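Hi,

Here's the structure I promised to send over. Have a look at it first, then read on for what turned up.

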Amino acid sequence: MRFKTKDLVTASVLLALGIILPMVIHMSGIDGTIFLPMHIPVLIAGLMVGSPLGLVVGILSPTLNHFITGMPPVPILWIMLVELAIYGLISGYLYRKVKMTLLPSLIITMIIGRLFAALTVLLLGKGFGLPVPPIDIYIKGITILSLPGIIIQIILIPIIINAYERSQNSLGF
């Protein structure tokens, strides 16, 4: 598969943001599970540059963050790896391939990503013989605790994508 240089650069910048944003949030003392700083660049990557590069940004963001900062810690790393990979993949697929409008693409992607995260928790728990909370309690927990981050994503991401698309249209891309 061949990628445009512009898309590779965009994906690289979003990957860098996926590393820098969590560092800034953690340095400020804010819990990353509340504002979900790594999710924003990954969702934007899928929407801007499509599924393949969105998937790559979704895989590399938590992996590189873990190796650089130790966050997310290992049990959470695997869950975030699956969740963010799904975010990058599905957001690009729904928005760019299926041509679904922006907000439904974003919301459906966030739901699917969280379901895959819950499934990963279940599989890791069962696979390692760990006690697993009931899956509905886990899903409610990651949704309610992360509500500020979800709201930020629903407000901020469409603004960013619309501005990006307007700039691309005005430049003739």
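Among contacts in the protein chain between residues at least 6 apart in sequence, what percentage join residues at least 24 apart? The answer is 71%. Keep in mind that this is a predicted model.

Let's start with the whole chain. You'll find eight helices and zero strands, so reading from the N terminus the pattern is simply α-α-α-α-α-α-α-α. The radius of gyration is 16 Å, close to the 16 Å that the globule rule gives for 173 residues, so the chain is as compact as a globular protein of that length. If you lay the C-alpha trace along its principal axes, it spans about 55 × 35 × 30 Å.

What about inside and outside? Of the 173 residues, 42% count as buried. The accessible surface adds up to about 9200 Å², and carbon and sulfur atoms account for 77% of that. As for charges, the chain has 10 positive and 5 negative ones, and the mean positions of the two groups lie 11 Å apart.

Now zoom in on helix H4, which covers residues 51–69. Its 19 residues reach 27 Å from the first C-alpha to the last, close to the 27 Å expected at 1.5 Å a residue. Several of its residues are buried, among them Leu-53, Val-57, Pro-62 and His-66. Which helices help to cover the buried residues of H4? The cover includes H1 (5–27), H3 (39–49) and H5 (74–97). Right after H4 comes Gly-70, and its phi is positive, near 85°.

One residue of H4 to click on is Ser-61. Is Ser-61 buried or exposed? Buried residues have under 20% relative accessible area, and Ser-61 has 0%, so it is buried. Setting aside neighbours within four places in sequence, Ser-61 is in contact with Leu-15, Gly-18, Met-38 and Val-42.

Then try Gly-50, which sits in the loop between H3 and H4. With a relative accessibility of 5%, Gly-50 counts as buried too. Not counting residues up to four places away in sequence, it touches Ala-45, Gly-88, Gly-92 and Arg-96. You can also check Gly-50 against Met-100: they are 50 residues apart along the chain, and their C-alpha atoms are separated by 13 Å.

Have fun turning it around on your screen!

Cheers

Conventions
Residues numbered from 1 in each chain as written. Predicted model: local features only at pLDDT ≥ 70, side-chain atom pairs only at ≥ 80, totals over all residues. Heavy atoms only, no water. Helix = DSSP H or I, 4+ residues; strand = E, 2+ residues; numbered from the N terminus. Expected span 1.5 Å × (residues − 1). Buried < 20%, exposed > 50% of the residue type's maximum accessible area, 1.4 Å probe, protein only. Contact = heavy atoms within 4.5 Å. Rg over C-alpha atoms; globule rule 2.2 N^0.38 Å. Areas by Shrake-Rupley, 256 points an atom, 1.4 Å probe, with all protein chains shown as cover. Lys, Arg positive; Asp, Glu negative; His and termini not counted. Charge placed at Lys NZ, Arg CZ, Asp CG, Glu CD.
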